[in-house]
Amino acid sequence: MAIENILMPQLGESVTEGTIEKWLVKPGDTVNKYDPLAEVNTDKVTAEVPSSFAGTIKELIAQEGETLAVGEIICTIEIEGSVTVEAPVVAAPAKEEPANEVPAASSQKPVESLHREKGKAAGRYSPAVLRLSQDNGIDLTLVEGSGKEGRITRKDLLAIIESGNIPTAAAAPVIETPAPVASVPAATAAAKAAEPVNAPVAAGDIEIPVTGVRRAIASNMLRSKHEAPHAWMMIEVDVTNLVQYRDSLKNDFKQKEGFNLTYFAFFVKAVAQALKEFPMMNSMWAGDKIVLKKDINISIAVASDDALFVPVINHADEKTIKGIGREVQELAGKVRSGKLKSSEMQGGTFTVNNTGSFGSVQSMGIINYPQAAILQVESIVKRPMIMDGGMIAARDMVNLCLSLDHRVLDGLVCGQFLARVKEILENVSADNTSVY
């Protein structure tokens, strides 16, 4: 018999950690290869972790609700055969000096060097720990880990960040210096999102535990508001012709294609077209540079009963209105049935949110980090408008509300982008617009 480790898998590009939402097995259970072992939450998606082996569950290393880095052990499984289990790579511990004894002058080392040797005993660091330490300037050799065999965990670093006592290489001497004031990174935002708040609870109040999905949403929204200086603008669009054109097609379209022709598909298509003409809108802040994305991948906000998801329509500029409409329907269906994959939420470059479906007429969205902007499509309402010649007519009007990252975008390019979206939408007609 041999013992194999089951590791936290990488459930999508740029994903570095996951939270054990629910164990589907217990020690002693017999499983086949590819049987689901646990539900893991990452990037607002819950996915099942399959077993890599057939055997018997030996030990559940991670607890429900615990967050682990990709590659960390979540459980062990006992399998038949003489498979040699490779021991985890752990750096050799430093030789301990005798207690209360000063090293000889010939072997005396700087204080910082002694600290670094001591830190080696904790073993290698997970990607999440390395990222947190780099973002916050933490010298890992000066941190005492609480994990197995002294390993430094993400929770250790979050506790240090919250305390404000950041151990840096310069802090090794006895003289203490104030910790530098730094901008709030993702780790701090995540810690603050999970911070308990002393909210008053009275008789009859209902306390709802925060799920992994809701915690991920809170963390990402908090990070976006802390890091991206939000600005906001709105434009009013006359979509009377669009409404008439869509209404003339919707019955035949539904009978032929099997799904509804929605207004939202027209809006997403117009945004994708305008993004091609104003590529700066399809960009991201990367610290020392701005990345203009080649592909136009539109994230769309889809709500379930208790959470908000942002699946992606890849290469939206290359799709027809019909193609966009079908993909919106399919992605929304997967969200509501719990079948949305993590990979279907990766790679978005710009977000369009259909807030009008709830009757909203004006709103300010929080940018879907690390994108540079989010567009809220509000409800289409009939309003009296003054037309050319001074005549008053009832027109179908919609507000488009844009939140932007002012590090990347300025009012000029955003105003030009919105004006172009407005122009496209106001010129929709049977003569110059095809849904196929």
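Tutor: Partly exposed describes a residue whose relative accessible area lies between the buried limit, under 20%, and the exposed limit, over 50%. Keep in mind that this is a predicted model.

Student: Why is R326 called partly exposed?

Tutor: The relative accessible area of R326 is 29%, and because buried means under 20% and exposed means over 50%, R326 belongs in between.

Student: How do you know that R326 and E257 form a salt bridge?

Tutor: A salt bridge needs a side-chain nitrogen of Lys or Arg within 4 Å of a carboxyl oxygen of Asp or Glu, and for R326 and E257 the N to O value is 3.5 Å, so the pair meets the definition. This pair links distant parts of the chain, since R326 lies in helix α8 and E257 in helix α6, 69 residues apart.

Student: What makes E257 buried?

Tutor: E257 has a relative accessible area of 14%, and because the limit for buried is under 20%, that word applies to E257.

Student: Why is the contact of E344 with K334 called a salt bridge?

Tutor: The closest N and O atoms of E344 and K334 are 2.5 Å apart, which is within the 4 Å cut-off, so the name fits. E344 lies in the loop between α8 and β16, whereas K334 is in helix α8, so the pair ties together parts that are ten residues apart in sequence.

Student: How do you know whether E344 and K334 are buried or partly exposed?

Tutor: E344, at 17% relative accessibility, counts as buried, because buried means under 20%, whereas K334, at 30%, counts as partly exposed.

Technical notes. Residues are numbered from 1 along each chain as its sequence is written. This is a predicted model: local features need pLDDT of at least 70, side-chain atom pairs count only at pLDDT 80 or more; totals for chains, interfaces and linings use all residues. Side-chain values use heavy atoms; hydrogens and water are left out. Helices (H or I, at least four residues) and strands (E, at least two) are DSSP runs, numbered from the N terminus. Buried means under 20% relative accessible area, exposed over 50%, partly exposed in between (1.4 Å probe, protein chains only).
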